[in-house]
Amino acid sequence: MRTLDSRIVIVGCGISGIGAAHKLIKHGFRNVRVLEATARSGGRIKTGRLGNNIIEIGANWIHGPCEENPVFCLSRQYDLLESDALTQENQAMDIGGHPPWVPNWFSSSGRKLTAEEMGPAVGLFAELMEESGEFVTQGGEPFDSVGDFIRTEVQKRAVKQWQDEEASSRALRLSLVSTLLKVECCVNGTHSMDEVGLGAYGLYKTLPGLDCTFPLGYEGLIRNLMSELPSGIVSYNRPVRCVHWSTEDSETEGDERKSPVCVECEDGETIPADHVILTVPLGYLKKHHSTLLSPQLPLHKLHSIQRMGFGTNNKIFVEFDSPWWDADCEVIYLVWEDEENLVDQVLDVERSWIKKLFGFTVLKPTSRYGHVLCGWIAGHESEYMETLTEQEVCHSITQLIRRFSGNPIITPRRILRSQWFSDPWTCGSYTYTARGCSEQDIHNLAEPLPSKGAQSQPLQVLFAGESTHQSFFSTVHGALLTGWREADRLISHFSTSPSDEIRSKL
């Protein structure tokens with residue numbers, strides 16, 4: 001048994017791969033190498049600039065900054081957070097994944113809407129989203145998708161609760177529900193809530209704490225982690241063509257031993273390895289699974305990759321000379337008055353893609369950012385937006401804001417958008433539990449190759465990344481925890497003596 005001299009290759013230098021490398025090296029493994037397809041570390045953690053402002057093109061928040069969240073603990077250790085985020089009060093706030101932001105609502109006729117008008121729809125929607133998460137423990141699935149459940153129940157309950165309201169008020173509230181469905185498309189990284197399975201929706205778990213950001217950018221966390229790894233451990237611009245693993249026992253006579261895994265890079269380099277930790281995004285795996293691994297994946301694992309959801313959520317940052325929203329506003333919702341039929345997708349994507357953008361979050365504090373908004377858009381409309389020029393996107397955003405604000409001369413100073421779907425190494429943003437998924441699919445994604453019971457060497461290919469976390473999929477802390485999990489899997493594998501293994505099977 002090769003123990004600490006075992007050759008371990010980690011594919012991907014996002015936070016999952018970095019976390020795995022950290023833990024393995026700290027344990028004493030001497031032959032760890034990280035292969036990264038791009039020229040940078042961090043993966044979907046990507047900080048950029050808009051003028052003089054630091055903005056997040058990728059991951060935005062620490063979701064649930066509390067003692068249970070390793071991303072929060074590391075960021076605190078590296079002194080990357082503001083004092084507000086570190087308070088016990090902040091850590092104790094249980095927001096259930098929805099920060100209590102101060103909203104402004106604007107309608108497509110250019111009217112600023114009031115909390116009195118919008119409150120009932122917001123309350124009903126929140127109630128139904130909470131109920132959506134409860135089916136996971138009840139067994140059965142009365143509706144196919146979260147979208148189907150929400151739409152059916154809103155229609156039913158709105159009739160009872162809003163029957164005394166004027167037709168125009170009812171229609172406006174239903175239009176707001178369409179906006180809130182689009183918000184959930186962004187939160188879940190899906191094209192439509194009709195694609196999110198109802199039974200598995202509650203698998204995602206939130207941690208307590210009011211979501212916080214990095215004043216100097218999320219990449220500060222990556223820089224600190226990378227500074228603690230041995231120099232030269234990462235090979236950049238080194239995409240992997242194929243991971244060749246073995247279904248047969250690779251032991252040979254004497255001390256010589258054929259490596260069970262061979263990592264073939266695009267540039268022709270072949271790297272023999274005892275273990276490979278694959279941390280590529282699920283979007284990439286969906287697109288390339290048939291060529292990335294040889295032999296191909298076992299059917300149960302392949303089917304889970306196909307079943308699990310992986311969609312696109314993009315940002316469009318917009319800077320203004322002066323605000324058109326209230327000073328205390330933290331989020332802006334755009335309500336299309338022709339959307340009372342509860343829609344979260346656009347029929348004519350090319351002509352009306354901009355309708356999928358639910359609104360904007362406001363970058364705070366104003367003293368740091370000036371007047372900058374971050375627009376959020378998910379799904380196929382978001383993917384189409386990526387194909388447009390920045391000038392075309394800016395024109396659509398300008399027209400949208402002029403319409404909703406009622407101010408025909410507002411002009412953004414500059415914009416910047418993310419393009420995660422067309423990024424060849426991510427093919428989208430993050431994971432969701434699609435229709436027809438269950439907890440078993442996430443188990444299958446995380447299962448190493450070869451499957452248990454095989455005659456060949458165990459733990460040849462291990463799988464990490466946010467998509468493989470049982471309850472924190474789609475998050476940075478989920479990604480980091482899975483990198484640690486796979487490192488721990490190898491550490492405990494080598495800590496177990498052969499006699500222990502025999503005893504454990506009896």
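The largest nonpolar core of this predicted model has 82 residues, and Ile150 and Leu278 are those with the most contacts inside it. Helix 7 (residues 167-188) gives the most to this core, with nine residues. Apart from it lies another core, of 42 residues. Below is a friendly tour, starting with the cores and moving on to the two sheets, the cavity and a pair of single residues.

**The nonpolar cores**

- In soluble globular proteins, nonpolar side chains tend to be buried together.
- Leu278 is a good residue to look up, as it is one of the two with the most contacts inside the 82-residue core.
- Beyond its neighbours within four places in sequence, Leu278 is in contact with Val11, Val243, Leu285, Leu292, Leu293, Val461, Leu462, Phe463 and Ala464.
- The other core, of 42 residues, includes Ile8, Ile233, Ala479 and Phe494.

**The sheet of five strands**

- Strands of a sheet pair through backbone hydrogen bonds, either parallel or antiparallel.
- Five strands make up an open sheet with parallel pairing, in the order 7-2-1-11-20.
- Strand 7 (234-235) and strand 20 (461-463) are the edge strands, and each pairs on one side only.
- Strand 11 (residues 275-278) is joined to strand 20 over three bridges, in the parallel sense.
- To find this pairing on screen, look for Val276, which stands opposite Val461 in strand 20.

**The sheet of seven strands**

- Another open sheet has seven strands in the order 6-5-15-16-17-14-18, and here the pairing is mixed.
- Its edge strands are strand 6 (112-113) and strand 18 (414-417), each of which pairs on one side only.
- Strand 16 (residues 359-362) and strand 17 (residues 371-378) run antiparallel and are joined by four bridges.
- Across that pairing, Thr361 has Cys374 in strand 17 as its bridge partner.
- Strand 14 (residues 313-320) is antiparallel to strand 18, with four bridges between the two.
- Strand 14 also runs antiparallel to strand 17, and eight bridges join this pair.
- Two residues of strand 14 can be matched to strand 18: Val318 stands opposite Ile415, and the bridge partner of Phe317 is Leu416.
- On the strand 17 side, Phe320 stands opposite His371.

**Buried and uncovered faces in that sheet**

- Strand 14 is mostly covered, as eight of its eight residues are buried.
- Asn313, Lys315, Phe317 and Glu319 point one way from strand 14, while Asn314, Ile316, Val318 and Phe320 point the other way, and all are buried.
- Along strand 18 the side chains alternate, with Ile415 and Arg417 pointing to one face and buried.
- Arg414 and Leu416 point to the other face of strand 18 and are not buried.

**The cavity**

- Rolling a probe the size of a water molecule over the atoms shows where empty space is left.
- The structure holds one cavity of 30 Å³ or more, and about 70 Å³ of space lies in the largest cavity.
- Its lining is made of Leu278, Val280, Leu282, Leu285, Lys301, Ile305, Leu445, Phe463, Ala464, Ser467 and Thr468.
- By class, eight of these lining residues are nonpolar, two are polar and one is charged.
- Helix 9 (282-292) and helix 10 (299-307) each supply at least two residues of the lining.
- Leu278 turns up here again: this residue of the cavity lining is also one of those with the most contacts inside the 82-residue core.

**Two residues to compare**

- Is Asn444 buried or exposed? Asn444 counts as buried because its relative accessible area of 9% is under the 20% cut-off.
- Asn444 is found in helix 15 (residues 439-446).
- Away from its neighbours within four places in sequence, Asn444 is in contact with His300, Lys301 and Ser304.
- Of these contacts, Lys301 is also part of the cavity lining.
- Is Lys452 buried or exposed? Lys452 counts as exposed because its relative accessible area of 85% is over the 50% cut-off.
- Lys452 lies in the loop between helix 15 and strand 20.
- Lys452 and Gly28 are 424 residues apart in sequence, and their C-alpha atoms are 26 Å apart in space.

Definitions and conventions: Residues numbered from 1 in each chain as written. Predicted model: local features only at pLDDT ≥ 70, side-chain atom pairs only at ≥ 80, totals over all residues. Heavy atoms only, no water. 1 Å grid on protein atoms, 1.4 Å probe; cavity = no way out; pocket = protein on both sides within 12 Å on 5 of 7 lines; lining within 4 Å. Points joined across faces, edges and corners; volume = space filled by probe spheres on them. Nonpolar A, V, L, I, M, F, W, Y, C, P; charged D, E, K, R; others polar. Buried < 20%, exposed > 50% of the residue type's maximum accessible area, 1.4 Å probe, protein only. Contact = heavy atoms within 4.5 Å. Core = buried A, V, L, I, M, F, W, Y, C linked by side-chain atoms within 4.5 Å. Pairing = 2+ DSSP bridges.
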